[in-house]
Each structure stands twice: as C-alpha cells, then as structure tokens.
Amino acid sequence: MNTTESTRTAEFLAEFLDAWCAAEAAGDVAALDRYLAEDFLAVGPLGFTLSRQDWLDRHASGALTYESFELSELRTRQYGDVTVVVARQSGTGSYRNPAAPPQAPSVPVPGATRVTLVLTGGEQGRRLAGIQHSFIAGTPGAPPIPGAPAGAPSGGPR
C-alpha cells in the first residue's frame, strides 16, 4: 500500500469510527444497523456475548443509554480488507436489565474499557464484525484486582 492509499484508508477508518461512536452515543439504531456486520459478535468485559440483534435491541429498548461515548489511544493494524483496532473506550451512561424487576435501578456503564474492534470491508463497505471489551484496572466500574490487599489501590496502567 502506498502513502496515498494508506492516508486514504486511515481517513475512511477515522470517519467510520467517528460515525459509529456518534451512533452509539445517540442510540441511533438505524445507523448502528448499517455499521454492524450481519454476523457481528460482541464479547463484554465479563465474558458474556451479544449478537448483532442483542446489540441493537439494547439501544432500541432504551435499556442502554449514553451521555458520552468516545474512543482514544487507538492502535490500528491492517490485514488486507480487515482492520484491527485496539483502543480505550470511555463514556458515561447507564444500563437497565430488561429482565430485572421494574423497581430495579439502572447501573452505570464502566467508565472505560479496553476494546478490540475487528472491521471488515473496504472504503465502500466497512462494517464492524466484532468487539471485545476488557476492564482497565483502576478505572471506575472495573472489579478489584484479584489477590490485592483490602484497601490497596486497584492498580491501573503501568
């Protein structure tokens, strides 16, 4: 890939990720429907999986809402028409489990997770095929580090 192609690919990727983040923040199901691959699969920070329909339904039902949603610290690798992005996903929002009793409160979403995004397709047909979330130690919403003494800092990026 020459420099011009590389620059153009980076620009299309940035546009796609910006549009996807905006759709997530707004709960824009129609836009998310366009951005997710038909066989999209997400893995949450606790190991649960969400199909494409599960992902869309969280927004359509209002169970998941965001006040902010962004990606930073992007590291990108290109393998033909597949792009792998490792980033920090930060945001504020809440989730209410639709299966919970009506009086059950919403819970805040983790303040930050490390995500690995797998994107397929080229300039005309880029889609998000998968996302893997991992907690970032020491951030709001992350569980304590196993084996850490009580009251000790929960760690964090080193």
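Here are legends for a set of close-up views of this predicted model.

**View 1. The whole chain, as a way in.**
Start with the overall layout: the protein chain has 3 helices and 7 strands. Reading from the N terminus, the elements go α-α-β-β-α-β-β-β-β-β. The chain has 158 residues, and 32% of them are buried. Now look at the contacts with a separation of 6 or more: 50% of these join residues 24 or more positions apart.

**View 2. The largest nonpolar core.**
This core is made of 27 residues, and Trp20 and Leu117 have the most contacts inside it. Which elements give it two or more residues? They are the helices H1 (3-26), H2 (29-35) and H3 (52-60), along with the strands S1 (36-43), S3 (64-79), S4 (82-95), S6 (112-120) and S7 (127-135). H1 has the largest share, with 6 residues. As a bit of background, nonpolar side chains in soluble globular proteins tend to be buried together.

**View 3. Zooming in on Leu117.**
Leu117 is one of the two residues with the most contacts inside the core. What does Leu117 touch, once residues up to four places away in sequence are set aside? Its partners are Leu17, Trp20, Leu71, Thr83, Val84, Val85, Leu128, Gly130 and Ile131. Trp20, the other residue picked out for its contacts in the core, is therefore easy to find in this view too, as a partner of Leu117.**View 4. Helix H3 and what comes after it.**
Five residues of H3 are buried: Arg52, Trp55, Leu56, Arg58 and His59. Looking down the axis of H3, you'd see these buried residues fall within an arc of 150°, so they line one face of the helix. After H3 comes Gly62, which has a positive phi, near 80°.

**View 5. The largest pocket.**
This pocket has a volume of about 520 Å³. It is lined by 27 residues, and the closest to its centre are Pro45, Phe48, Arg58, Val109 and Pro110. Arg58 also turns up among the buried residues of H3. Lining residues come from many places: S1, H3, S3, S4, S5, S6 and S7 each supply at least two. Which strand gives the most? That's S4, with 4 residues. Sorted by class, the lining has 17 nonpolar, 8 polar and 2 charged residues.

**View 6. Two serines in strand S4.**
Ser90 sits in S4, and so does Ser94. Are they buried or partly exposed? Ser90 has a relative accessible area of 16%, so it is buried. Ser94, at 22%, is partly exposed. Leaving out residues up to four places away in sequence, Ser90 touches Ser68, Phe69, Glu70, Gly111 and Ala112. With its neighbours within four places left aside, Ser94 is in contact with Ala63, Leu64, Thr65, Ser106, Val107, Pro108 and Val109. Ala63 is 31 residues from Ser94 along the chain, yet their C-alpha atoms are separated by 7.9 Å.

**View 7. Val107, a contact of Ser94.**
Val107 belongs to strand S5 (residues 107-108). Its relative accessibility is 45%, so it counts as partly exposed. Apart from neighbours within four places in sequence, Val107 is in contact with Gly93, Ser94 and Tyr95. Take Gly93: from C-alpha to C-alpha, Val107 and Gly93 are 8.5 Å apart in space, and they are 14 residues apart in sequence.

Technical notes
Residues are numbered from 1 along each chain as its sequence is written. This is a predicted model: local features need pLDDT of at least 70, side-chain atom pairs count only at pLDDT 80 or more; totals for chains, interfaces and linings use all residues. Side-chain values use heavy atoms; hydrogens and water are left out. A nonpolar core is a set of buried Ala, Val, Leu, Ile, Met, Phe, Trp, Tyr and Cys residues joined through side-chain atoms within 4.5 Å. Buried means under 20% relative accessible area, exposed over 50%, partly exposed in between (1.4 Å probe, protein chains only). Contact means heavy atoms within 4.5 Å. The arc is that of the directions from the helix axis to the C-beta atoms. On a 1 Å grid over the protein atoms alone, a cavity is a set of points where a 1.4 Å probe fits but cannot get out, and a pocket is an open set with protein on both sides within 12 Å along at least five of seven lines; lining residues have an atom within 4 Å of a point. Grid points are joined across faces, edges and corners, and a volume is the space filled by probe spheres set on the points. Ala, Val, Leu, Ile, Met, Phe, Trp, Tyr, Cys and Pro count as nonpolar, Asp, Glu, Lys and Arg as charged, and the others, Gly among them, as polar.
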